[in-house]
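Me: Please take me through this structure by question and answer, with the cut-offs stated as they come up.
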Amino acid sequence: MKRKEITEIVQSILQAEGLETEEGCYYVVRAQSRREWTLRLTNGRFERVLTVRESGIGVQAFTPEGAAGFASVDALTVEAGREAMKRALALAQRNARIGAELNQEIFKLSPLRAEGDNPAKLEFDQFSLEELQEQVLFLHKRLVDKGSETSWQSTYRQVEDIWCIGRTDGTLVSYVVPRAVLMHQGTVREQGRAKNALAQRSGVDANLLLMEKEDSSLEQKALERADFARRVCIAPSLPSGHYPLIIDYGLAKGLAHEAFGHAVESDHMKESVLGENGKLKKGLQVARPGVHIIDGPLAGDWAYQPYSANGLVRETVEIVKDGVLEAGLGDVFSAREAGMPVTGAGRAESYGSIPLPRMTNIRLIVKDELALPNTSGLMDEVSQVRKLLLEKGELQQEGKHLLLLGYRGGQVNPKTGDFVFQCDGIIDVADPELTIYQPSIFSGKILSALQAIRVGLGGGCYDAIGTCGKGGQSVPSSGGSHRYLLLDQDENVSLGGE
Amino acid sequence: MKLVAQLEEFLHSAKSTPSRNDLGIRDWRILVHEASALSLGIKENSPGSVYTPPSYRQGESGDIYIIWEDGRLTQAQVQVPPQHGASAYWQMQLEEWRQASYEDPEGADIPLPEPLPIVAVEDREIERILAGEDELLFEQLAKLLQDIQPGINLNASIQAGWGYRHVRNSKGLAVSYQQSQYALSYSFDSLVGSGFAKRRLIRPEEWDNLWKRTKIYYKALQDNAPEINAKTVVVFSPSVVGSLLGQFIFPNLIGQSILEGQSAFKADEFKANKLVFHEDLDLYVDPLRPLEWGSYLVTPEGVPAQKTVLIKNGSLQTPILRIKDAKKWGASPTGVSSGTSGLYLESRQEKPWEEVLSGIEDGILILSVLGMHTQNSASGDYSLSAPQSLRILKGKIVGKRDVKLSGNFFKDLAFSETILGQEEMETKPYLVVRTGVQNM
């Protein structure tokens, strides 16, 4: 379904004519139409080509007092939307009777009418599925031919999400979020032990396949990661302890997202380690001067979203400025109570989900940057890191100085401030042999980890992608930092191990 | 017209009278879900907050699988089309599906209908809730708020779902049945939580036991306990065992992963019934258990539900085989499990949890871990953080300790001193292991 049709449906659902409602009630209507094509190959053969079309409407209804109810339906018609409105209002009224927490913030918004630009350069079906199969098969086979000792799985996903959000106040906002990603996952074996390696390249459309055909950058990364995984299979474990660390930008994105971003979301402030009496601890020194954390949508990015799921402009927020906590990620419902401005932070997985404040692209930037020369391969780059640290007198003189490579995900408890991250493997750059170790959990207290960040190595890389699982939803997330970040040894930040 | 009827009619017609030479269909199958769900929530002691309002979701969606005359395959997910012009819509979709077709000779198979087992997967009380008699769910919400001690932040969710599952294929399979789901979860101060998920409502005694256990754990978390030492055994709680099975065992027992060399286990290790775990341990898929979350009558591929032993006496027996994998494996399709919900781990030496607990001189009970999803499935290695764990001394839970864990789950299951403890409410056991554990 086209954006214009969806917008007309949302407009019709909300128009007064024929609308059975009670005076003073308020509605937010979210309509979404989604197309997705997924192509997956394993060891040279297609395993799956899946086409998905889904669309529907979700309605949040509010009684005049501010009790909320929600209903959704897997259909995109005026009738279905009106039915969902009725159900949502009935639930809101029921909710009022059980003494629900009331929230009238939505009534205070100003109306907005806007149409976001589509950042894709190619139409969703610019290439037919047959053509895409040829392209993905070519890239997959080229990889398999070069890395024949590895079991390879390649997945290409292309998504187009069209959203329209309408509100009782006349707001009508629509936008298109295109996404594309090519992933190569390899399983390697060495001396009876198996490891997985993953490399991915994202964009907004099938153009990324053309770019990959041209420059093979993902292929090279996948082969290097598989080789690294093979060496990790037979690597020793690291004694647990506290070390000076270097983390790559994927891990830095994880640190910024999991360990910090979630702790400044407005709906968490009562329980967050960065909140006090339910308010953001604005002005708190959370990192060294020169450290900045910024969140906001970047056009062409995996997690791009120009408007919130509540129909507000998504703002770019400088969360930490020069080491000081300045602002949080506030949605309309909880920002005021959390002591922060509304920044349009509400995002939802789909029309069937209730929007929550969450990040888009979060990046961690340090004023002190050491230029890292371009290199042709992973271990060459690690050698360059060692050389640069030696030159600048930054390398640990005694003991280990560990570089954590590859982000495998993380988790945080915003209440206690405990975080954990996992990497693909660890390299001791203080050792001229660049000894590789098994991955072990990188864990600690979020404020200690932030305070430990000192220097950035290389320019900004903000294309580390992932999926935010907050509230049981799956929403694209992204971010990054300098190519590497240096963290001082800290008693509250450790690596697990034996 | 319902989605299942539309698809059935359209695919029958497209098969019998193809509209174009290249649109000839040899066989097809569909799986359609019609579902509605009601959910209620509590956020920080407030019922029905703007983030957890009473919510009603209604949906109808289908998975389509087509084998074209030339043997190519198509998979697609669909919803009900716009009311007007449904016929033209499906014709347009058919053309897109054809474009999306791919070659996979081993995947091209549709099973003949077979007798189905009798499995209880519906609770009529849940049907009534979704029909509007939903007072019970609101009463449960009120009870949670009433019973929570002052000063504790309660977050909770209650969900009831009801619907139809339709499985059809071109070889005459036509199965429709009703199924229900009920899930309850809550946490105290985001530190300790409990959950219940089955195809039936929770019973009052189960509710009470769950609440009582959570209160005991929460109380114990308020006091610091002595540090762990070299003698301390690690006790994984049932929810952590479920996560460990999901991260390290389930993905390595998928037939396709084994056939493609992406699993920790190899095909010839199954053929040789290699001993991989302790010989007291069995692991199996069982979709026949009445009213369990992972129970069903027929797989999405149209294969009748069946219990399948994956590991017997610690030895590899068979992977989880879908039709395509079974053909390559040279065996029949097995029971399948959606995640670990239908996966059961048992030991001939297992004892009731209370008895196991009373026998632990020095242990640490792991209620939850941070970072499970980040672990490398193929290696079995784990390196996890477990803040808010409970210290056990002389058979009693005595207080809180934050620990880190490192080990290998395959080795945990192979070790002769590993003990399983069963609790009636839980589908996964407690697991007592000797593994790497450190104070944080």
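Me: Which residue of β12(B) stands opposite B:L281?

Reply: The model is a predicted one, in which local features need pLDDT of at least 70, side-chain atom pairs count only at pLDDT 80 or more, and totals for chains, interfaces and linings use all residues. Residues are numbered from 1 along each chain as its sequence is written, while chains are lettered from A and ligands numbered from 1 in the order in which they are written. Strand β9 (residues 281-285) of chain B pairs with β12(B) in the antiparallel sense over five bridges; strands (E, at least two residues) and helices (H or I, at least four) are DSSP runs numbered from the N terminus, and two strands pair if DSSP finds at least two bridges between them. Opposite B:L281 in β12(B) stands B:S347.

Me: Which are the edge strands of the sheet β11-β10-β9-β12 (chain B)?

Reply: This open sheet has four strands in the order β11-β10-β9-β12 (chain B), with antiparallel pairing. An edge strand here pairs on one side only. The edge strands are β11 (315-316) and β12 (343-347) of chain B.

Me: What is the bridge partner of B:K351 in β17(B)?

Reply: Eight strands of chain B form an open sheet of mixed pairing, in the order β13-β17-β18-β8-β14-β15-β16-β19. Its edge strands are β13 (351-352) and β19 (436-439) of chain B. Two bridges join β13(B) to strand β17 (residues 419-422) of chain B, and the two run parallel. In β17(B), B:K351 has as its bridge partner B:G421.

Me: What angle does the direction of helix α6 of chain B make with that of β8(B)?

Reply: Helix α6 (residues 238-249) of chain B packs on the sheet and touches β8 (233-236), β14 (362-366) and β18 (430-433) of chain B. Axes are lines fitted to C-alpha atoms, for helices over the stretch in contact, and angles run from 0 to 180 degrees between N-to-C directions. The direction of α6 makes with that of β8(B) an angle of about 85°.

Me: How far apart do the C-alpha centres of domain 1 and domain 2 of chain B lie?

Reply: Domain bounds come from an automatic or database domain assignment, which for chain B gives domain 1 (233-245 + 350-439) and domain 2 (251-338). Their contact takes ten residues from domain 1 and nine residues from domain 2 of chain B; two residues are in contact if their C-beta atoms, placed from the backbone, lie within 7 Å. The C-alpha centres of the two domains lie apart by 25 Å.

Me: Which element gives the most to the side of chain B that touches chain A?

Reply: In the contact between the chains, 58 residues of chain B meet 70 residues of chain A. Elements giving two or more residues to the chain B side include β3 (55-68), β4 (73-79), α2 (86-99) and β16 (396-408) of chain B. With seven residues, the element that gives the most is β3(B).

Me: Which residue of β4(B) is the bridge partner of A:V52?

Reply: Strand β2 (residues 45-62) of chain A is joined to β4(B) by three bridges, and these strands run parallel. In β4(B), the partner of A:V52 is B:Q77.

Me: At roughly what angle do the axes of helix α3 and helix α4 of chain A cross?

Reply: The contact is made by A:Q135, A:V136, A:F138 and A:L139 of α3(A) with A:L209, A:E212 and A:K213 of α4(A). The axes of α3 (residues 129-146) and α4 (residues 207-215) of chain A come within 10 Å. They cross at roughly 35°.

Me: What is the radius of gyration of chain B?

Reply: Chain B comes to eleven helices and 19 strands, and its C-alpha trace spans about 75 × 55 × 35 Å along its principal axes. The globule rule (2.2 Å times the number of residues to the power 0.38, with the radius of gyration taken over C-alpha atoms) gives 22 Å for 440 residues, and the value for chain B is close to this, so the chain is as compact as a globular protein of that length. The radius of gyration of chain B is 24 Å.
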